[in-house]
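Q: Please take a close look at a single part of this model. I should like to see how that part fits into its chain.

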Amino acid sequence: MIILEIILVFVMLVGAVFAGIFKDLLNAVIAAGFVSFIAAILFYFLHAPDVAMAEASIGAALTVAIFVIAIKKTKRFEEDDKKDN
Amino acid sequence: MIRKIISFILIVIIAAGIFFSLREIPFGAAKSKVREYYLDNGIEQTGATNVVTSVVVNYRGFDTLGEVTVLFLASIGLSAILYRRKEEKRKKRRKSSLILYTGCRFLFPLILLFGSYIFIHGHLTPGGGFQGGAIVASGFLLIMLGCWGWEGINRNRFKVTESLSGLVFVIVGLLGLFYGGYFLLNYLPKGIPNQLFSAGIIPIIYIAIGFKVGSEIAGIINDMVRSG
């Protein structure tokens with residue numbers, strides 16, 4: 001069981017890094033929702049079903065939906081700002 | 001380039017600070033006495049078999065009122081920003097297909113039932129007002145995307161539900177002040193633990209929180225769907 005938890009933590013870290021890297025904001029939002037989903041599973045393994053339910057319903061479902069609606073109303077791709085270098 | 005180096009150094013300093021300050025805290029070790037107090041006396045004093053609920057609603061009920069107020073202010077602020085008095089002409093949206101329409105209409109009452117089950121049984125099983133309210137709001141999200149399209153529904157209905165359930169929370173708390181001398185006193189009979197009608201005012205407050213959170217998040221989604 002502890003090996004499964006370690007694997008889940010690493011998968012979650014990879015998802016979090018990709019949520020920052022992606023230029024396509026829709027992909028980034030889905031990666032962030034994936035991180036919330038893994039976090040909900042980990043909360044369940046840590047004997048906190050209350051927190052797991054809140055994380056799964058708010059973090060993985062509603063936040064993603066609100067971000068997707070916001071992206072639909074604005075722009076989907078992040079622009080490269082070359083002035084920064 | 002210099003800016004990137006400076007920000008990298010700052011991030012390293014902050015990470016080191018967090019690491020060295022958190023290293024001293026023994027996570028998972030039994031340090032606090034109050035946890036054992038709640039576990040030993042929670043069921044007896046509040047009548048709720050879910051100890052998390054008895055802490056959230058009874059022992060720390062005032063904090064929960066603050067939490068609900070924060071959510072209320074966020075929802076009000078969002079609808080104040082997104083409010084537009086004149087409804088603009090929208091282009092005709094495509095009607096959803098028959099399978100999607102029927103599926104949404106079939107699932108919507110089931111999701112509402114599941115969400116309300118979670119916040120009505122908040123004092124017995126895991127979950128409560130916040131979780132159940134979020135599930136109810138996701139049901140509204142489903143039916144807004146699948147059935148009603150991007151039209152949305154009247155925002156005043158959400159606001160009325162939200163305000164009434166907030167009033168129920170405050171009035172139940174103030175009645176405790178009237179009966180026993182302090183806010184959110186559990187003045188109703190505790191009943192037998194593990195039954196639906198037990199734990200005094202806890203189910204009433206959690207049902208009010210469920211309605212409040214559900215209507216707030218559904219109202220936020222509705223405002224976002226309707227705007228622009």
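A: In chain B, buried residues make up 30% of the 228 residues; a residue is buried if 20 or more other C-beta atoms, placed from the backbone, lie within 10 Å of its own, exposed if 12 or fewer, and partly exposed in between. This is a predicted model, in which local features need pLDDT of at least 70 and side-chain atom pairs count only at pLDDT 80 or more, while totals for chains, interfaces and linings use all residues. Residues are numbered from 1 along each chain as its sequence is written, and chains are lettered from A and ligands numbered from 1 in the order in which they are written.

The secondary structure of chain B consists of eight helices and zero strands; helices (H or I, at least four residues) and strands (E, at least two) are DSSP runs, numbered from the N terminus.

The part chosen here is helix H7 of chain B, residues 155-180. Its expected span is 1.5 Å times one less than its number of residues. The 26 residues of H7(B) should therefore span 38 Å, and the end C-alpha atoms are 38 Å apart, which agrees.

Phe158(B), Glu162(B), Ser165(B), Gly166(B) and Phe169(B) are the buried residues of this helix. Their cover includes helix H4 (61-82) and helix H8 (202-226) of chain B. Just after H7(B) comes Gly181(B), with a positive phi of about 105°.

Finally, the setting of the helix: along its principal axes, the C-alpha trace of chain B spans about 60 × 60 × 35 Å.

Definitions and conventions: Two residues are in contact if their C-beta atoms, placed from the backbone, lie within 7 Å.
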